[in-house]
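This report looks at selected features of one structural model, moving from a helix and its surroundings to cores, sheet pairing and the contact between chains.

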Amino acid sequence: MPKKEKTTGLIFFPAFDWAISETHPEREERLLYTQDQVLEEGLLDFDNIKEFKPGIATYADINRAHICVPDAQRLTTPSHLISAGGAITAAQKVLTGEVDNAFALVRPPGHHSMLVAHGARGFCNINIEAVMVEYIRHTFGIKRIAIVDTDCHHGDGTQDIYWNDPDVLCISLHQDGRTLYPGTGFVEDFGGPNALGATINIPLPPHTSDEGFLYVLDRVILPILDEFKPEIIINSAGQDNHYSDPITDMRFSAQGYALLNEKLAPDIAVLEGGYSIEKALPYINVGIILAMAGLDYSNVREPDYNAEQLRQSADITGIIEKEVQNIMNMWKRRSKLKAQITGAAHYIRRDKNIYYDTDNIMEKQKETVRVCSDCGGLVMIDSAADNGKKIFAVILPNQCCPQCRKDGEDFFGRVSNALYDHVYFQDREKDIFIVK
Amino acid sequence: MILGIDVGGTHTDAVLVENSILKKKVKVPTDNANILSSLLAAAQKIIADENMRNIKRIVLSTTVSTNAIIQNKIDRVAMVLLGGPGLNPATLNPGKDAFFMSGYINHRGVEIQTVNKDEIEQINQNLQRENIRQIGVVGKFSSRNPQQELRVAHILGNDQRQFSLGHRLSGRLNFPRRIATSYLNAAINSIYENFVYEVKKFVGKVAGDIPVYILKADGGTILIDQSLSCPVQTIHSGPAASIMGLLATAQIREDAVALDIGGTTTDISVFAAGDPLLEPNGITINGQKTLIRGLYTKSIGIGGDSSVRIENGNICIGPERMGPAVALGGEIPTPTDAMIVLDISALGSKQKAMDAIAPLAQKMNLDVVSAARSILDKMAAIIADSVKLVMEEINSKPVYTIHELLEGKTINPKKLYVVGGPSALAPDIAGLLGYPYKIPEHSEVANALGAALARTTTEITLLADTEKRELIISEEGTVMKIPGNFTLEDAISVGKTVLKERAAKHGADQNDMVMEVTEAQEFNMIRDFCKTGKNIRVKIQIKPGLISAIDSR
């Protein structure tokens with residue numbers, strides 16, 4: 001059956017002059033062979049594949065998504081601004097109608113960066129999807145957005161930023177947190193009290209193959225997206241579920257990635273992790289680009305691909321089937337869960353210990369959210385890092401209700417600078433960012 | 001002295017140049033059915049009373065290859081393809097005699113799957129049965145390791161067959177373009193060989209042992225014998241001659257735009273600090289995208305003979321050619337008619353031109369002279385807008401390093417050069433673009449001048465992999481061993497030596513080799529947190545330009 005061709009934008013920025021450190025996996029060479037394969041296949045000669053130069057994100061763009069400690073300027077380098085800028089360019093090209101969909105093949109990645117950022121964790125300084133999402137909401141007035149994180153590691157940063165946001169659905173499928181960094185992302189993690197069901201976690205057992213990934217796509221991701229009805233879908237497109245990835249244990253293939261993208265039909269895909277830079281990335285990326293452009297990807301496969309050898313065991317299939325049932329049961333009961341969780345409380349607090357593996361920082365955080373039936377709820381964060389930084393942040397959600405706004409403004413006025421290095425006020429609705 | 005000849009679509013021009021100064025010029029009509037005869041006629045005419053001993057070299061720019069392709073006077077070609085995984089082969093366009101076979105080289109030039117001798121024997125029998133003698137052999141990533149292509153050609157080789165191997169024609173990546181390039185090369189091989197034979201016979205007779213050069217699409221020259229292995233490089237030499245002609249007649253030193261306003265089209269070319277820009281991937285001929293190195297031109301469908309009409313109150317010009325102008329016996333009004341009305345051009349019958357513009361003037365509610373003015377204003381505006389678009393496109397070309405992105409180097413034209421019949425539009429176009437213009441001298445034989453004064457160019461692509469301890473130069477088919485401590489500097493130095501030899505072989509003057517490293521990248525290869533080697537990529541070229549005045553004696 002001939003597929004429907006789409007115009008696909010490609011924002012390719014391999015940052016050939018940037019690495020975290022000399023022998024770090026997040027290195028200059030990472031997208032080299034992907035570029036080779038894209039060029040050799042002649043993909044840029046297709047009329048419906050257009051390449052664009054990335055823009056450069058501004059600090060204001062970052063301050064819409066993060067509380068950077070001490071500030072965005074000191075937490076980022078030009079590489080991060082270009083990587084986030086590339087994601088923003090992808091969004092611009094799609095939302096102005098210049099292309100039907102777009103793929104930001106940029107580095108460094110971002111999905112482990114949380115709302116409060118004291119440094120780099122999981123190779124990420126700032127969350128490039130979140131910076132893009134806030135840009136989209138701010139510039140194009142789009143309200144409902146879904147992010148499907150297909151990286152092998154739990155998208156804990158993206159989850160953290162949207163934990164209390166009922167309008168941004170974050171679905172992460174990843175290798176079971178008991179077996180892989182960052183060790184989080186369990187089925188029970190279902191979103192904050194005002195946003196239950198807007199966070200969906202699908203941990204998969206090690207050695208899950210194409211069959212398992214596509215099963216959860218069909219049985220969880222697509223049905224939930226159908227009900228959530230996002231205006232746009234973003235694929236946070238990590239490529240480390242691949243069977244040859246050196247730092248994970250999954251068995252996904254280039255064909256699987258291509259089919260997943262064809263079915264998911266994301267408006268925007270943003271590259272995340274993936275460190276099998278020779279054996280996997282060239283093929284996965286060609287597969288994703290072809291799938292997004294509605295072109296035939298049936299001949300895209302790794303030279304050593306062997307479906308029989310990669311097939312998942314019956315045990316794994318059983319575990320996944322059971323888990324899918326659990327998730328869908330929770331999803332169906334999501335509106336009833338709130339009363340159960342909040343009881344009579346007006347505010348809910350959660351305590352978090354966050355480790356920044358890349359920069360070796362330990363952070364202790366108290367996050368308090370106002371239980372609210374009219375908006376995502378006022379959020380306040382008290383954070384202390386072992387590098388001595390102590391901050392407080394007041395965050396007003398998009399479409400903030402009058403009560404949350406009033407409370408938030410009051411708190412910000414009352415919190416004393418004497419106790420903290422900085423006190424931040426982030427108003428996502430009015431696009432105001434104040435530091436005192 | 002140098003004899004330069006340019007075979008154009010309508011005229012064949014010949015020039016004699018001494019010390020970069022034009023000594024003599026002639027023009028004869030081109031017989032497109034017999035390019036060779038036009039070429040010889042022009043040559044004969046210009047050397048009539050010259051002492052042949054004063055002529056040190058002959059440079060030709062011909063449409064032989066281009067016409068063969070456009071008129072489909074080409075040989076039957078079999079394409080033997082080693083495609084490996086990737087795009088569906090059905091999306092490729094290798095012609096009807098295509099043989100897909102096993103064998104695959106990956107992005108690093110590692111042989112992943114070997115070729116199969118039984119399959120090659122099958123293909124051999126097919127070629128025998130069908131009596132196909134021109135054969136293209138193209139592998140995916142063959143520019144990263146030419147050995148499979150070489151092996152297939154070796155096994156299939158016999159006296160009857162000629163091979164066009166993908167890796168020899170370009171070191172760049174792009175499998176579909178490599179296929180098209182090889183195919184075209186094979187398709188024109190024998191027609192081109194015949195042309196070279198005739199040219200050499202003629203030159204031998206009248207002038208003895210003078211070196212003969214051919215102009216390539218990249219605006220550089222190559223010795224005619226050397227061009228036999230890559231005839232495809234000589235297609236599109238017309239636009240290249242025109243750009244080199246501009247360099248020869250206008251002394252361009254700055255960032256600049258040049259317009260060649262013809263009858264059907266206007267060709268836009270761009271110069272960066274006086275160097276003509278090259279197409280980033282390769283030229284497109286007859287709708288086929290290739291890897292042939294060529295000078296950048298953007299052709300837009302507007303010229304002196306374009307049709308002019310009024311649609312919904314707006315002036316529309318082109319893209320179809322309806323000329324000649326009514327003033328010259330045509331039927332449909334053209335910009336040339338408008339120029340004749342305004343006395344900018346003295347061609348043809350002014351009365352007929354007035355009559356042609358009159359009905360348009362009526363629709364515009366203008367008198368005939370004002371209407372003619374409006375038509376030319378519109379034409380200038382269309383051309384100026386296209387130039388702006390071209391500059392925007394060139395300046396928004398993606399880059400892949402933080403350094404380049406932040407540096408944001410752009411081309412900012414300082415001058416507009418205009419050649420061609422309707423060059424009277426130059427002031428208007430320059431006014432709209434906001435920079436001054438210049439109309440070069442001798443533009444009527446600029447192409448032949450450009451050919452005469454063009455330097456020999458060439459390019460090599462080098463890949464060194466210190467983990468594999470191997471260095472590959474695609475265009476030369478070189479595979480050599482290197483030590484583990486080989487560096488980027490070593491690669492550049494090896495590259496320069498090889499390029500120098502190659503250029504000399506192609507006819508370059510030892511003292512006129514302006515080498516330019518266009519790409520020099522070095523990547524540490526990290527496997528399991530350890531550095532296992534370096535992946536080094538270098539491109540070096542002798543860039544298109546003019547030979548020095550001394551050499552043109």
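Which residue takes a positive phi just after H12(B)? In this predicted model, B:Gly434 does so, with a phi of about 85°.

**Helix H12 of chain B**

Helix H12 of chain B spans residues 426-433, and its buried residues are B:Ala426, B:Ile429, B:Ala430 and B:Leu433. Viewed down the axis of H12(B), these buried residues fall within an arc of 100°, so they line one face of the helix. An α-helix has 3.6 residues a turn, so residues three or four places apart point the same way. The cover over the buried residues of H12(B) includes helix H10 (368-395), strand E21 (415-419) and strand E22 (437-438) of chain B.

**Domains and nonpolar cores**

Chain B is divided into domain 1 (77-177), domain 2 (300-439) and domain 3 (455-552), and the centres of domain 1 of chain B and domain 2 of chain B, taken over C-alpha atoms, are separated by 46 Å. The largest nonpolar core has 134 residues, of which B:Leu3, B:Ile5, B:Ile357 and B:Ala451 touch the most other members. H6(B) supplies the largest share of this core, 12 residues, and at least three residues come from each of domain 1 (77-177) and domain 2 (300-439) of chain B. Leaving aside residues up to four places away in sequence, B:Ile5 touches B:Thr12, B:Ala14, B:Leu39, B:Ala42, B:Ala43, B:Leu60, B:Ala448 and B:Ala451. Another core, of 133 residues, lies apart from it and has among its members A:Trp18, A:Phe103, A:Ile161 and A:Val270.

**Strand pairing in chain A**

The table sets out two strand pairings of chain A, each with one pair of opposed residues.

| Strands | Sense | Bridges | Opposed residues |
|---|---|---|---|
| E11(A) (residues 347-356) and E12(A) (residues 361-370) | antiparallel | 10 bridges | A:Asn353 and A:Lys364 |
| E12(A) and E13(A) (residues 379-385) | antiparallel | 7 bridges | A:Thr368 and A:Met380 |

E11(A) and E12(A) form a hairpin with 4 residues between them, and A:Asn360 in the turn has a positive phi of about 55°.

**The loop residue A:Asn398**

A:Asn398 lies in the loop between strand E14 (390-396) and helix H13 (402-414) of chain A. Because a residue is buried only if 20 or more other C-beta atoms lie within 10 Å of its own, A:Asn398, with 19 C-beta neighbours inside 10 Å, counts as partly exposed. Not counting residues up to four places away in sequence, A:Asn398 touches A:Arg137, A:Asp167, A:Gly376, A:Arg428 and A:Glu429. The C-alpha atoms of A:Asn398 and A:Arg137 are separated by 8.8 Å, although these residues are 261 residues apart along the chain.

**The contact between the chains**

The contact takes 39 residues from chain B and 37 residues from chain A. On the side of chain B that touches chain A, the elements giving two or more residues are strand E8 (111-113), helix H6 (175-207), helix H11 (402-407), strand E26 (515-527) and strand E27 (530-542) of chain B. The largest share of that side, 5 residues, comes from E26(B). By class, the side of chain B that touches chain A comprises 20 nonpolar, 13 polar and 6 charged residues. H6(B) therefore appears in two of the settings described here, giving two or more residues to the side that touches chain A and 12 residues to the largest nonpolar core.

Notes:
Residues are numbered from 1 along each chain as its sequence is written. Chains are lettered from A and ligands numbered from 1 in the order in which they are written. This is a predicted model: local features need pLDDT of at least 70, side-chain atom pairs count only at pLDDT 80 or more; totals for chains, interfaces and linings use all residues. Two residues are in contact if their C-beta atoms, placed from the backbone, lie within 7 Å. Ala, Val, Leu, Ile, Met, Phe, Trp, Tyr, Cys and Pro count as nonpolar, Asp, Glu, Lys and Arg as charged, and the others, Gly among them, as polar. Two strands pair if DSSP finds at least two bridges between them. A nonpolar core is a set of buried Ala, Val, Leu, Ile, Met, Phe, Trp, Tyr and Cys residues joined through C-beta atoms within 7 Å. A residue is buried if 20 or more other C-beta atoms lie within 10 Å of its own, exposed if 12 or fewer, and partly exposed in between; C-beta atoms are placed from the backbone. Domain bounds come from an automatic or database domain assignment. The arc is that of the directions from the helix axis to the C-beta atoms.
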